[in-house]
Amino acid sequence: MTTATNTATRWTIDTSHSSVGFSVRHMMITNVRGEFKKFAGEVVFDRENPAGSSVSATVEIGSIHTREEQRDAHLRSADFFDADKFPTMTFASKRVVRTGDGYDVVGDLTIRDQTREVVLKVEDVTDEQADPWGNTRVGASAKTKIRRSEFGITWNALLELGGAMVGDEVTINVEVSLVKQK
């Protein structure tokens, strides 16, 4: 993780105004979407020197929600996330690079004790805003794609006409409202 400079600001994720979502192809015909309801994280952000920025986050696997309880239970099982054995997934940045109007946050994503480097494409970073309660906030959107098989999540079923029940590529979407630490 990069050491923050004196122009860096420490922020925490306001989970009540943020989301960690995903989508994956189901039966090769549609994308199924879900989210994780419990997560936490911290961002050290230096707009002038992005290399002095860092991101860390933890997501509780048991909080998965896809609007279908049976599917959620299956996703928490050993066939997928194995939430009893691996209750969290984590992200820890290694570097932050400005890319046009956004940032690439390169870091280690760990799921089921399998760690892979991913690039979060961050965009829509807002200017600082004061809220009615005396806090300072910024917001941002981030997106990445992973292959679930690279994290040991390989359960699938073959379809009668060919193809797989669950796609391997998963899109992760993050929307954050960050509160400046005082």
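# How the labels are earned

Q: Why does Asp108 count as partly exposed?
A: Asp108 has a relative accessibility of 25%. Buried means under 20% relative accessible area and exposed means over 50%, with partly exposed in between (1.4 Å probe, protein chains only), so Asp108 falls into the in-between class. Bear in mind that this is a predicted model: local features need pLDDT of at least 70, side-chain atom pairs count only at pLDDT 80 or more, and totals for chains, interfaces and linings use all residues. Residues are numbered from 1 along each chain as its sequence is written, and side-chain values use heavy atoms, with hydrogens and water left out.

Q: What makes Asp108 and Lys94 a salt bridge?
A: The label asks for a side-chain nitrogen of Lys or Arg within 4 Å of a carboxyl oxygen of Asp or Glu. Here the closest N and O atoms are 3.4 Å apart, so the pair passes. Asp108 sits in strand β8 (residues 102–111) and Lys94 in strand β7 (residues 88–99), 14 residues apart. Strands are DSSP runs of E, at least two residues long, and helices are runs of H or I, at least four long, numbered from the N terminus.

Q: How do you know which exposure class Lys94 belongs to?
A: Its value is 35% relative accessibility, so Lys94 counts as partly exposed.

Q: What makes the Glu117 and Lys94 pair a salt bridge?
A: Their side chains meet at 2.6 Å, N to O. Glu117 is in strand β9 (residues 114–123) and Lys94 in β7, so the pair ties together parts 23 residues apart in sequence. Glu117 has 45% relative accessibility, so Glu117 is partly exposed too.

Q: Where in the chain do Asp14 and Arg137 sit, and what makes them a salt bridge?
A: The closest N and O atoms of Asp14 and Arg137 are 2.7 Å apart, which puts the pair on the list. Asp14 is in the loop between β1 and β2, while Arg137 is in strand β11 (residues 136–147), 123 residues away. There's a third partner as well: Asp14, Asp131 and Arg137 are linked in a network of salt bridges. A search of the whole structure finds 10 salt bridges.

Q: Are Asp14 and Arg137 buried or exposed?
A: Asp14 has a relative accessible area of 12%, so it is buried. Arg137 is at 18%, so Arg137 counts as buried as well.

Q: How do you know which way the side chains of β1 point?
A: In β1 (residues 9–13), Thr9, Trp11 and Ile13 face one way and are buried, whereas Arg10 and Thr12 face the other way and are not. That fits a broader pattern, because side chains in a regular strand alternate between the two faces of the sheet.

Q: Which strands does β1 pair with?
A: Two strands pair if DSSP finds at least two bridges between them. Four bridges join β1 to β4 (residues 39–45) in antiparallel fashion, with Thr12 opposite Glu42. Three bridges join β1 to β12 (residues 166–180), again antiparallel, with Trp11 opposite Lys180.

Q: What makes the largest nonpolar core a core, and how many residues does it have?
A: The term covers buried Ala, Val, Leu, Ile, Met, Phe, Trp, Tyr and Cys residues joined through side-chain atoms within 4.5 Å. The largest such set has 39 residues, and those with the most contacts inside it include Phe81, Leu109 and Ile146. Strand β12 gives the most to this core, with six residues. Leu109 is in contact (heavy atoms within 4.5 Å) with residues including Met89, Phe91, Ile146 and Ile172, leaving aside neighbours within four places in sequence.

Q: Why does the radius of gyration of the chain agree with a compact globule?
A: The rule is 2.2 Å times the number of residues to the power 0.38, with the radius taken over C-alpha atoms. For 182 residues that comes out near 16 Å, and the chain has 17 Å, so the two agree. The C-alpha trace spans about 60 × 30 × 30 Å along its principal axes.

Q: How many helices and strands are in the chain, and how much of the chain is buried?
A: The chain has one helix and 12 strands. Buried residues make up 42% of the 182.
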